[in-house]
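Biologist: Hey, can we go through this one together? I'd like to start with the cysteines and then look at rings and the surface.

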Amino acid sequence: MNYDYAKIAKEVIQAVGGSENIKSAAHCATRLRLIVADRSLADDEKVGEIDAVKGTFFTAGQYQIIFGTGHVNRVYEQITQLGIAETTADEAKEAKMDGKNQVQKAIRTFGDVFVPVIPALVATGLFLGLKGALLNDNFLALFGMTNADIPHTFQVLVEVLSGTTFAFLPAIVCWSTFRVFGGSPVLGLILGLMLVNGALPNAYSVADPSSGVTPLMLFGFIPIVGYQGSILPAFVAGVIGSKLEKKLRKTVPAVFDFMITPFLVLFIMLILSLLVIGPLLHALENVLLVIVEYALKLPLGIGGLIVGFFWSIITLTGVHHIFNMLEISLLASTGFNPFNAILCMCGFSSAGVCLAISVKAKKKEIRAIGPSATVSALLGIGEPALFGVILRYGMKPFLLSCSINGVAGMIAMLLGMKGTGNGITTIPGMLLYIYKPSQLMMYVLLAIATFITAFCLCWFFAVPPEVMETDGSVKKDASKPAPAPAPFPNMLGAAAQGTFVPMEKIPDPTFSEGVLGTCCGIEPENGNVYAPMDGTICQLADTLHAVGMEADGVELLIHVGIDTVSMKGDGFKSHVKEGQAVKKGDLLLTMDLKKVKAAGHPATIMVIVTNSDDLESVEAAASEKLMPGDPLMRLNK
């Protein structure tokens with residue numbers, strides 16, 4: 001079908017609120033991206049009725065209209081001819097934070113740093129839960145055993161599985177912070193590893209008075225320790241370090257940049273982290289410890305209310321491990337630990353809020369992360385739920401969780417709940433209360449009540465609107481290009497060497513939800529992109545990040561990377577041109593993986609059958625590891 005693209009452009013401008021509502025425009029291989037002044041002025045239904053439009057949605061501060069390959073570039077040309085400015089890279093970045101206050105921006109940025117860490121924390125939560133359940137003295141006593149009866153080799157293996165992530169958490173956080181703030185991630189990783197170097201006194205040992213390990217004292221008053229398990233020191237160091245690196249990149253002469261900049265970044269930031277950032281947070285730890293000790297002594301359960309409410313806030317600082325000192329002191333003097341009951345209820349509250357958001361959400365990302373983060377919280381590791389779900393889209397779920405934490409903590413104190421140990425919470429934490437039937441019964445009943453209350457209140461009052469957003473409805477495009485002379489491809493080959501990514505796990509809803517058609521992804525190991533079939537090149541993006549092919553009624557789009565249109569061709573090279581006939585396995589494009597990752601974009605390569613609705617079936621046929629030409633998708637007419 002031939003479209004009047006000038007007319008479509010005018011209708012788009014009118015439907016989204018007029019040219020005065022459009023700040024700028026850009027496009028990728030499939031979508032027109034408009035940065036608008038007022039989202040509410042865009043009429044989704046009216047836009048959806050425009051010729052060639054397949055769907056609309058609003059994300060990352062941009063109003064995105066799906067046209068598909070071969071149409072979007074022509075609509076964009078007409079849009080710019082009508083006086084709409086081109087979106088710059090800085091505008092696109094700013095749009096992601098448009099409409100958010102400073103607190104929301106800080107929380108969103110903190111979430112962006114922490115989300116890549118979530119899978120490791122979830123796995124660690126499972127390992128710690130199993131460790132707490134199987135190697136707990138109370139549990140082993142049921143079988144007449146103690147920890148001394150467990151083989152040493154098995155205990156070491158369990159310790160490696162359960163301790164590595166938190167021992168090196170600052171390195172992971174610092175790496176991710178450098179990545180988010182535009183520094184070199186490898187420098188962040190090295191800086192983070194320096195903060196947990198074995199030459200420094202271990203943070204966990206320093207927090208345990210019985211260990212005999214004390215901080216190194218510089219000038220007699222500046223304590224120097226490692227930061228195992230800490231978040232805030234690594235985050236602050238990562239923010240300052242990435243900004244320092246970017247400043248040095250601009251000022252150090254290019255001939256010396258390769259050597260001088262990394263040296264100065266690591267040297268300055270290590271000194272700053274150990275002598276300023278870390279000690280300041282160490283002072284904060286001591287202040288928090290005094291406050292909590294005082295709060296637990298208050299009457300009427302008020303101490304539990306205060307500690308419970310502020311516990312998640314304390315966790316945000318990453319200095320919560322210092323409270324091991326308090327718990328150990330309580331156990332040493334009384335044999336019991338009332339503090340543990342409060343922490344356990346906080347875990348059940350976070351799990352309930354997290355589950356409510358993930359079950360009710362329509363965003364696939366949250367629905368994927370939420371259940372595993374909930375399980376992790378129920379096993380005693382709350383960071384995935386806190387940073388990946390609860391805090392990610394606003395303060396309301398977080399404040400609700402804090403409030404429920406406070407009430408549950410107060411009830412725990414009024415009931416006189418107290419455990420016989422420390423270090424495990426939530427479901428594994430039940431093992432600390434089996435010493436007395438009444439204590440175990442109170443624990444189970446309060447845990448269930450806390451979890452259900454948190455789930456219900458969040459479900460009805462605190463699920464963030466942002467997680468309820470979905471892509472606009474899809475409208476089938478009736479246009480069909482003339483079939484190419486190449487034969488029908490019964491089997492599409494892998495377009496790159498790498499790891500197979502199922503459609504639903506591709507990190508972009510346009511692809512993962514099949515808006516453009518059934519597709520598969522490949523996480524590439526190098527930058528070469530090959531033809532999945534014999535056919536003709538029917539479209540080549542100006543930015544060289546996408547190419548369209550056709551062959552005997554099959555229409556393909558090979559899209560290289562997520563949101564790589566913003567790179568404007570930097571790092572991409574084409575080896576074909578429009579109208580060229582190619583064979584399966586021919587080299588189509590090359591991309592610079594380092595540049596793509598440095599720009600903060602996933603490098604996933606998508607192979608999309610854009611007219612999959614016209615075929616009898618399109619099925620994935622790939623294994624986990626792929627070489628170019630390996631079976632990827634099976635097609636049937």
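Modeller: Sure. A disulfide is a pair of cysteine sulfur atoms within 2.5 Å. This is a predicted model, where local features need pLDDT of at least 70, side-chain atom pairs count only at pLDDT 80 or more, and totals for chains, interfaces and linings use all residues. Residues are numbered from 1 along each chain as its sequence is written, and side-chain values use heavy atoms, with hydrogens and water left out.

Biologist: OK, how many disulfides does that rule give?

Modeller: The count is 0.

Biologist: Why is there no bond between C520 and C519?

Modeller: The closest cysteine sulfur to that of C520 is in C519, but it is 6.7 Å away, so that's too far for a bond.

Biologist: And is C520 buried or exposed?

Modeller: C520 is buried, at 2% relative accessible area. Buried means under 20%, exposed means over 50%, and partly exposed is in between, using a 1.4 Å probe and protein chains only. C174 is buried too, at 0%.

Biologist: Switching to rings: how many aromatic pairs are there?

Modeller: There are 9. Rings of Phe, Tyr and Trp (its six-membered ring) pair if their centres lie within 6.5 Å; planes under 30 degrees apart are stacked, over 60 edge-to-face, and the rest tilted.

Biologist: Why is the pair of W311 and F339 called edge-to-face?

Modeller: Their planes are at 85°, so the pair is edge-to-face, with centres 5.6 Å apart. W311 is in helix α14 (residues 302–317) and F339 in helix α16 (residues 338–360), 28 residues apart, so to speak distant parts of the chain get linked. Helices here are DSSP runs (H or I, at least four residues), numbered from the N terminus. Both W311 and F339 are buried.

Biologist: Which residues form a cluster with F348?

Modeller: Y433 and Y443 join F348 in one aromatic cluster. F348 and Y443 pair edge-to-face, at 6.2 Å between centres and 75° between planes.

Biologist: What sits over the ring of F336?

Modeller: The charged end of K418, 4.8 Å from the ring centre. The rule wants NZ of Lys or CZ of Arg within 6 Å of the ring centre and within 35 degrees of the ring normal.

Biologist: Last topic, the surface. How exposed is I411?

Modeller: I411 is partly exposed, with a relative accessible area of 32%, and lies in helix α19.

Conventions. Helices (H or I, at least four residues) and strands (E, at least two) are DSSP runs, numbered from the N terminus.
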